[in-house]
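Subject: Structure handover

Hello,

Here is the structure we talked about. Please open it and keep it on screen while you read the notes.

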Amino acid sequence: MSLRVRSQTPDASGVVLDITPESAGWRYVGFRVVRRMPGQAYDGIEHGREACLVILSGTIDVIGNNERFTGVGGRKDVFNGPASSVYVPAGTPYRIEAGSVAEIAICTAPATGKGRLRLIPPEDVGLETRGQGTNTRFVRNILDDKAEAESLLVVEVITPGGHWSSYPPHKHDRDAYPEETFLEETYYHRLSPPQGFAFQRVYTDDRSIDETIAVEDGDVVMVPRGYHPVGAAHGYDLYYLNVMAGPRRNWVFANDPAHAWIVRAPVTDNATGE
């Protein structure tokens, strides 16, 4: 099975991408993208799964648990500042009503229904700059491992054209905390300008997985295990939305030993990671 999943024409409910644990052949991460026109709605409920609704572009209202969040979002596209998001506990019915042309990512993972429906505004998103030189990228932590959630980890990353990201290559596929944690992961890629491309490699130490994928605007790359670096082509800025989940809600990774020298070279902190 290919690790790349491509966006499709919206179906009747606006779904352009739908990755489930069953379709991916794994246990934890689910990822869906919905596009709605002004006045259109999307009704959802994630049984046994919590959700983070990330507004990729446009403006929506979100209704659930007798609460209504009005005018959520508003950015032109994913390159224009951090997202507005809404956290939805497992088993909570929710409704999305589009106030403009809108695109929403629905990120899911196993949960029991703890927590509360809540808005995560852009000002609550943790911002980081990682790396230096052509390894510099800009990270927006929507749900990091210190945020209130049961399984989900959600982060946006902007990688300028010509730069590398998730680099040096790292993995998180062993349930061996505190040395490493097991986390499945999806990368949802967008490009600016949109006709561009980037490259992502997913590989394991034994090369039982070894795929190098030319990703285009709207593609998802699934990372069941292994290292997963990304390179953005010159002239095309790359955005990706990461969704991670596993048996333990901590992000602890291990660099590829063959390339670990990069972080031992005279490089500043924050040279690793997504």
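Below are the notes on two sheets and two loop residues. Bear in mind that this is a predicted model.

**The seven-stranded sheet**

Start with the sheet of 7 strands. It is open, and its order is E1-E22-E19-E24-E14-E13-E12. The pairing is antiparallel. Strands E1 (4-5) and E12 (126-130) stand at the edges. Each has a single partner strand, so one side of each is left without a neighbour in the sheet.

Now look inside this sheet. Strand E19 covers residues 184-192, and strand E24 covers residues 237-245. The two run antiparallel and are joined by 9 bridges. To find one spot on the pair, go to Leu191: its bridge partner in E24 is Leu238.

**The four-stranded sheet**

Another open sheet has 4 strands, in the order E15-E23-E20-E21. Its pairing is antiparallel too. Which strands stand at the edges? They are E15 (164-165) and E21. Each pairs with a single strand, so one side of each has no neighbour in the sheet.

E20 (residues 197-203) and E21 are joined by 7 bridges and run antiparallel. Gln200 stands opposite Ile213 in E21.

**Thr204**

Thr204 sits in the loop between E20 and E21. Is Thr204 buried or exposed? Buried means under 20% relative accessible area. Thr204 has 7%, so it counts as buried. Setting aside neighbours within four places in sequence, Thr204 is in contact with Ile209, Arg225 and Gly226.

**Asp219**

Next, move to the loop between strand E21 (210-216) and strand E22 (220-223). Asp219 lies there. Recall that E21 belongs to the sheet of 4 strands, while E22 belongs to the sheet of 7.

Asp219 has a relative accessible area of 1%, so it is buried. What does its side chain reach? It makes a polar contact with the side chain of Arg6, at 3.3 Å. The Asp219 side chain also reaches the backbone nitrogen of Glu216, at 2.9 Å.

Which residues does Asp219 touch, not counting those up to four places away in sequence? Here is the list, for clicking through:

- Arg4, Val5 and Arg6
- Tyr187, Tyr188 and His189
- Ala214

Compare that list with the strands above. Arg4 and Val5 fall in E1 (4-5). Tyr187, Tyr188 and His189 fall in E19 (residues 184-192). Ala214 falls in E21 (210-216).

Best wishes

Definitions and conventions
Residues numbered from 1 in each chain as written. Predicted model: local features only at pLDDT ≥ 70, side-chain atom pairs only at ≥ 80, totals over all residues. Heavy atoms only, no water. Buried < 20%, exposed > 50% of the residue type's maximum accessible area, 1.4 Å probe, protein only. Polar contact = N/O pair within 3.5 Å; in protein donor to acceptor, adjacent residues only side chain to side chain. Contact = heavy atoms within 4.5 Å. Pairing = 2+ DSSP bridges.
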